[in-house]
Amino acid sequence: MQQSIAEDPNFVRKVFTFEDKKKNPGETLTVSIPEVLDPQYGMYVWPCAVVLAQFVWKHREELSGKTVLEIGAGVSLPGVVAARCGARLFLSDSSEKPSCLQNCRRSCEANGLSGVEVLGLSWGEVPPDLLLLPELEVILGSDVFYDPEDFEDVLVTIVFLLRKNPRARFWTTYQVRSADWSIEVLLRRWELDCIQVPLDQFDADKPELAASSLPGRHTIQMMIITKKHG
C-alpha cells in the first residue's frame with residue numbers, strides 16, 4: 001500500500017502564501033510544496049524559485065489562459081503558481097532523474113492540479129515530446145544556470161524553445177554565486193536579448209517572501225530573455 005505524503009516521514013510540506021495588498025479587497029494565493037529529504041537539489045525549494053514565483057504572482061493576470069512551460073522544474077513552485085493563476089502548464093526536468101519528475105507530479109497533486117504533463121528533458125537535447133508541445137507564450141526557469149559546465153547546454157535548450165516559439169519570453173532567476181560566472185557573453189553569442197528586472201519592481205527585494213524564510217540573504221537576479229529580432 002502506497003503511503004500518502006502526509007504519512008511519509010521523507011516528505012516535508014512547505015506552504016507559501018502570496019499576497020497583493022494593493023488590491024481592494026486584497027488577494028492571496030497559498031500553495032503547498034512537498035519537499036523530499038534527499039541530497040538531489042531538484043527535490044526542495046531554492047531561493048531563486050520563490051523570487052520567480054513572486055514575479056509570476058505579480059503577473060498573474062497576464063498569464064491567465066497562456067501556455068507555460070517550466071524547465072528544470074524540480075518541485076515546480078513557479079509553475080504551480082502559474083497554473084493556480086489560470087495558465088495551461090507543462091513541467092519538465094531531467095530525463096535522467098525520474099525521482100525529480102515524480103516530484104513535479106507530487107507538487108501538482110498537492111495543489112489540486114490535474115492534467116499537467118511532465119516531460120523528461122536533459123539540457124542540450126531535443127526529445128520528441130518537446131517537438132509536440134503547443135505554442136508557448138512563457139517559459140519559466142529558476143536557477144537553471146547553476147553549474148557553469150552546463151550553461152552552454154542550458155542555452156541550447158532555451159534557444160531551441162525560443163526559435164520554435166519566437167514570441168515567447170523566458171522568465172528566469174539566477175543566484176549570483178561567483179563574480180567569475182557570467183551568462184552575458186553566451187547570450188550575445190546565441191543572439192538573445194536580456195532585460196534585468198529590479199526586484200523592487202515586483203516586491204521581491206526582501207529576505208522573506210510568500211510567508212517563508214526564503215530567499216534569505218542570497219543575491220538573486222530576475223531576467224527576461226527573448227529571441228533577438230531584426
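Helix α1 is mostly covered, with eleven of its twelve residues buried, in what is a predicted model. The buried residues of α1 include Pro47 and Cys48 at one end of the list and Val56 and Trp57 at the other, with Leu52, Gln54 and Phe55 also among them. The helix spans residues 47-58 and reaches 17 Å from its first C-alpha to its last, which is close to the 16 Å expected at 1.5 Å a residue.

A neighbour of this helix in the model is helix α3, formed by residues 77-84, and the axes of α1 and α3 come within 8 Å and cross at roughly 15 degrees. Because angles under 35 degrees count as roughly parallel, α1 is described as roughly parallel to α3. The crossing in which α1 passes α3 is right-handed.

From the helices we turn to the strands, beginning with β7. Six of the seven residues of strand β7, which covers residues 169-175, are buried, and therefore the strand is largely enclosed by the rest of the structure. Strand β6, residues 138-142, runs parallel to β7 and is joined to it by five bridges; within this pairing, Ile139 has Phe170 of β7 as its bridge partner. Between these two strands the chain passes through helix α6, residues 151-164, in a β-α-β crossover that is right-handed.

Strand β7 also pairs with strand β9, residues 220-227, and here the two strands run antiparallel and are joined by six bridges. In this second pairing, Trp171 has Ile224 of β9 as its bridge partner. Strand β7 is thus bridged in parallel to β6 and in antiparallel fashion to β9.

Definitions and conventions:
Residues numbered from 1 in each chain as written. Predicted model: local features only at pLDDT ≥ 70, side-chain atom pairs only at ≥ 80, totals over all residues. Heavy atoms only, no water. Buried < 20%, exposed > 50% of the residue type's maximum accessible area, 1.4 Å probe, protein only. Helix = DSSP H or I, 4+ residues; strand = E, 2+ residues; numbered from the N terminus. Pairing = 2+ DSSP bridges. Right-handed = clockwise from strand over helix to strand, strands pointing away. Expected span 1.5 Å × (residues − 1). Axes fitted to C-alpha atoms, helices over the stretch in contact; angles between N-to-C directions. Parallel < 35°, antiparallel > 145°, perpendicular 65-115°, else oblique. Left-handed = near helix turned anticlockwise from the far one by under 90°.
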